[in-house]
Amino acid sequence: MTLLGQFALWSAFLLGVWGAVIAFSGRWQDRPELAATVTRSVYAVFGCLVVASLALWKGLITHDFNIEYVAAYTSRNLPPYFVVSAFWAGQKGSLLFWAVVLSLFASLAQLLTPRRFSALMPYVAAVTSTVIVFFLSVMLFGSNPFERLPYTPADGRGLNPQLQNVGMVIHPPMLYLGYISITIPFAFAVAALLSRRLDAGWIQAIRKWTLVSWLFLSIGITLGMWWAYVELGWGGYWAWDPVENASFLPWLTMTAFLHSVMIQEKRGMLKRWNLGLIVGTFLLSIFGTFITRSGVIASVHSFTQSNVGYFFLAFLTVAAVLSFTLLYTRWPALQADVQLESMLSREAAFLFNNLLLVGIAFSVLWGTLFPILSEAVRGTKITVGPPFFDRVNVPLGLLLLALTGIGPLIAWRKASTANLRRQFVGPVASGVVALVALLAAGVRDGYAVMALALAAFVAGTVLQEFYRGVRARRRMHGESVPVALFRLIERNRRRYGGYIVHVGVLIYFVAFAGMAFKVQREATLKPGDSVELRSPFGHTYKFTHVGISQYEALNRVVSAATVQVEVDGHPAGLLTSEKRQHVDSFKRPTFEPSTEVGIRSGLREDLYLVFAGAVNGTEEAVYRFNINPLVWWVWFGGFVLAFGGIITMWPGGGPVVSRSRPAQSGYGVTLVGTGTESGAAAGAGTE
Amino acid sequence: MKAGHKFLLGAALIVGSVGFLIGEGVKETGVYFLTPAELAAKTAADPTFVENVGFKVGAKVVPGSVRRDAAARTIDFKVSDGIKTYPVTYHGLVPDTFTDANDIEVVVEGRLGRDGVIRATDVLAKCGSRYEAVPKA
């Protein structure tokens with residue numbers, strides 16, 4: 001099968017080069033049959049990569065340990081679903097996964113993009129094919145998934161125990177899907193620049209793609225937090241690790257783009273900025289891969305460190321130079337149609353939102369690269385950790401949260417004083433009420449109080465928007481409340497889906513604020529000994545060590561330590577944490593021991609138990625106990641965010657997707673700044 | 001004042017605060033990342049470094065130097081880069097990756113005591129062979 005796989009990779013490589021060369025040459029502009037050839041080459045590359053992927057999967061499933069990749073990441077006793085997911089568990093498989101998914105997206109872009117954009121498509125294919133060719137050359141010349149060993153091991157090494165987790169089966173592909181789908185908007189941006197079709201056309205063509213990419217990144221990052229929380233055992237879900245930062249960076253710039261693009265659609269401003277954001281987001285996604293694969297920056301995610309990182313560095317440099325040169329040569333053609341009219345306008349709110357998002361991205365990038373920068377400039381390596389990122393990003397994040405509430409309340413172009421008063425009274429009141437309530441309840445952490453009060457303000461904004469929209473529909477169409485609510489969202493998916501995303505974001509902020517109050521304690525306990533912890537919600541938890549049991553499971557030897565939990569004197573069941581030694585089918589240990597955290601999740605607080613080991617083989621156990629407030633809300637916030645995101649991109653959308661006025665479609669906001677109420681009414685009236 | 005100018009003022013304010021927060025953050029929270037040899041050079045050049053300045057040291061654990069007291073949750077070991085060796089003492093739980101194998105790389109955060117022992121506040125570990133293929137049969 002490796003022969004077939006190799007052959008498929010080489011075929012894809014040659015077809016990709018061929019398609020890219022024809023497409024970049026531009027000769028298809030006079031000869032339509034060449035444009036058709038370019039499209040067919042995109043599909044053919046996809047076909048080849050599907051064959052290559054099936055070949056790798058066959059090797060994994062049949063336990064062909066002569067293939068180096070199969071021996072390195074699977075073993076005979078590995079559960080079947082982990083054998084299947086081992087496809088993307090290692091670097092070589094990830095590269096193939098990346099290439100095959102990118103070529104799927106490239107094909108879908110060719111297939112699904114409406115005909116009115118056909119003048120862009122060969123250039124789009126040129127860019128996507130170039131990126132695919134890059135990934136193929138990394139595989140063929142650096143890190144080949146079909147490489148064979150000179151001998152056949154009796155069993156493979158098995159999958160790293162930290163990756164033997166359902167979250168890990170879906171978390172990397174979700175992030176990859178996010179990273180990979182950024183390539184399509186980037187390809188359209190470059191195509192617009194190359195073809196000098198610099199109107200809002202390319203932006204309409206990529207709207208769905210940017211949302212897809214943003215959604216996958218959001219889900220991937222949240223699943224990553226969940227995996228870190230459940231598997232890494234340090235007690236939290238976000239550590240500002242370089243690899244986490246690498247996934248956060250393109251998310252920030254993509255979020256900025258999703259907002260600023262509305263200004264270009266409605267007002268013809270920010271053309272250069274938007275192109276810059278898309279190019280930047282693409283480069284950050286490649287940069288993320290470079291960081292994770294090269295090991296230039298120390299990280300807990302120690303992937304195989306290899307020369308592959310330098311392929312990415314070279315590609316990153318070339319892509320950056322070419323894209324920005326191209327942008328520079330088209331600079332004069334990208335003049336804004338109008339100027340900003342007032343600071344009290346939604347445009348201005350969006351501009352500040354963009355500056356903050358990019359500012360946060362810059363500080364995260366700066367902090368991540370600081371060890372390298374300081375060594376290059378001053379000769380000493382200086383690192384910054386979570387305290388730096390918290391210090392910089394908490395205030396910026398709170399400002400951003402405030403804008404999340406302000407933006408939707410201000411009219412486009414120029415808001416009147418009357419408009420402002422009418423819009424702000426409700427939301428500000430809800431924020432103030434929350435602030436007073438929190439202070440009265442004795443909450444004294446400044447940032448946490450601000451986060452929670454601002455979250456209440458944003459919630460007020462969103463509720464007011466929904467309330468007024470529903471009221472307008474009820475008045476105009478005499479609908480019942482549930483029907484009016486459903487139709488309101490259905491007819492203005494982009495707007496109200498966006499508000500639901502904002503609710504998801506504010507839930508994240510509430511959850512993050514909760515972590516300011518976490519409680520932690522370490523203890524060594526003999527059976528019968530106990531410790532007490534007082535939780536931020538005022539409960540007293542008593543943990544009594546019951547004992548340690550040992551047993552063998554499918555592919556591991558387990559020591560399980562159990563505590564009895566009591567809440568305010570009432571028994572509340574048992575909690576168990578395990579130390580696992582993974583073994584292959586010959587009972588030889590494979591990896592170092594790993595910890596399985598015991599978690600009891602609740603709406604208010606999580607109990608988080610880490611068994612750090614037994615004292616000299618006795619039943620005396622070393623534990624770490626954490627009480628983590630509001631963690632459940634991170635996962636729920638992710639769910640709400642994803643739900644809102646899906647609404648904004650749900651296909652169809654009824655009559656609002658009008659071909660004649662595409663720039664205004666899907667908003668339900670009137671162009672002239674008469675306030676949001678009339679906008680909601682106009683939206684509600686769209687039938 | 002025109003809206004454009006007001007906006008530029010606001011933008012400058014945001015950019016300025018981001019820059020200020022970054023600069024201040026680096027100054028307040030940045031720590032040296034040194035090899036044992038660099039740490040020795042630093043302390044020789046600047047004696048006030050001892051006890052006063054926090055740093056991180058990246059090095060290998062000297063094989064056989066690890067002494068664990070599980071009940072007290074303390075661990076003592078030596079780190080070396082082949083040039084200089086420092087003893088380390090840490091009270092707390094080390095990660096699973098800190099095993100007794102021979103090729104453990106660690107990042108130790110802490111301060112140097114007058115007795116020449118690094119008092120660690122955090123220990124990260126990475127096992128050299130962690131993600132590599134099966135040992136040659």
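**Exercise 1. Domains**

Which domains does the domain assignment of chain A give?

*Solution.* The model is predicted: local features need pLDDT of at least 70, side-chain atom pairs count only at pLDDT 80 or more, and totals for chains, interfaces and linings use all residues. Residues are numbered from 1 along each chain as its sequence is written, chains are lettered from A and ligands numbered from 1 in the order in which they are written, and side-chain values use heavy atoms, with hydrogens and water left out.

Step 1. Domain bounds come from an automatic or database domain assignment. For chain A, the assignment gives domain 1 (1-159), domain 2 (161-339), domain 3 (408-516 + 637-685) and domain 4 (517-633).

Step 2. The C-alpha centres of domain 1 of chain A and domain 2 of chain A are separated by 20 Å. Between these two domains, 37 residues of domain 1 of chain A are in contact (heavy atoms within 4.5 Å) with 38 residues of domain 2 of chain A.

Step 3. Chain B is assigned domain 1 (1-30) and domain 2 (31-127). Their C-alpha centres lie 38 Å apart.

**Exercise 2. Nonpolar cores and a surface patch**

Determine which residues have the most contacts inside the largest nonpolar core, and describe the nonpolar surface patch that includes A:Met1.

*Solution.* Step 1. A nonpolar core is a set of buried Ala, Val, Leu, Ile, Met, Phe, Trp, Tyr and Cys residues joined through side-chain atoms within 4.5 Å. Buried means under 20% relative accessible area, exposed over 50%, and partly exposed in between (1.4 Å probe, protein chains only).

Step 2. The largest core holds 207 residues, and A:Leu9, A:Leu49, A:Leu96, A:Trp202 and A:Phe282 have the most contacts inside it. Helix H7 (residues 166-195) of chain A gives the most to this core, with 17 residues; helices (H or I, at least four residues) and strands (E, at least two) are DSSP runs, numbered from the N terminus. Another core, of 25 residues, lies apart from it and includes B:Leu39, B:Val79, B:Val106 and B:Ala125.

Step 3. Not counting residues up to four places away in sequence, the residues that A:Leu9 touches include A:Leu49, A:Leu96, A:Met139 and A:Phe146.

Step 4. On the surface, A:Met1, A:Leu4, A:Phe7 and A:Val51 make a nonpolar patch of about 370 Å². Patches are made of residues with over 30% relative accessible area and no salt bridge; like charges are joined within 9 Å, and nonpolar side chains (Val, Leu, Ile, Met, Phe, Trp, Tyr) within 5 Å. Accessible areas come from the Shrake-Rupley method with a 1.4 Å probe, and for residues only the protein chains shown count as cover. A:Met1 lies in the segment before helix H1 (2-25) of chain A and is partly exposed, at 40% relative accessibility.

**Exercise 3. Salt bridges**

Find which residue forms a salt bridge with A:Glu522, and place the pair in the structure.

*Solution.* Step 1. A salt bridge is a side-chain nitrogen of Lys or Arg within 4 Å of a carboxyl oxygen of Asp or Glu. The whole structure has 21 salt bridges over all chains.

Step 2. The partner of A:Glu522 is B:Arg73, with the closest N and O atoms 3.8 Å apart. The pair joins two chains, because A:Glu522 lies in strand E2 (residues 519-525) of chain A and B:Arg73 in the loop between strand E3 (67-69) and strand E4 (74-80) of chain B. A:Glu522 is partly exposed at 23% relative accessibility, whereas B:Arg73 is buried at 16%.

Step 3. A:Lys526 and A:Glu620 form a further salt bridge, at 3.9 Å between the closest N and O atoms. This pair ties together parts that are 94 residues apart in sequence. A:Lys526 is partly exposed at 46% relative accessibility, while A:Glu620 is buried at 16%.

Step 4. Salt bridges that share partners join A:Arg267, A:Glu341, A:Glu347 and A:Arg413 into one network.

**Exercise 4. Backbone and packing**

Where are A:Arg413 and A:Asn616 found, and what is A:Gly504 in contact with?

*Solution.* Step 1. Most residues other than glycine have a negative phi. A:Arg413 has a positive phi of about 65° and lies in the loop between helix H14 (386-406) and helix H15 (417-440) of chain A. It is partly exposed, with a relative accessible area of 30%.

Step 2. A:Asn616 has a positive phi near 45°. This residue is in the loop between E9 and E10 of chain A and is exposed at 71% relative accessibility.

Step 3. A:Gly504, in helix H18 (residues 493-514) of chain A, is buried with a relative accessible area of 0%. Leaving aside neighbours within four places in sequence, A:Gly504 is in contact with A:Gly637, A:Val640 and A:Leu641.
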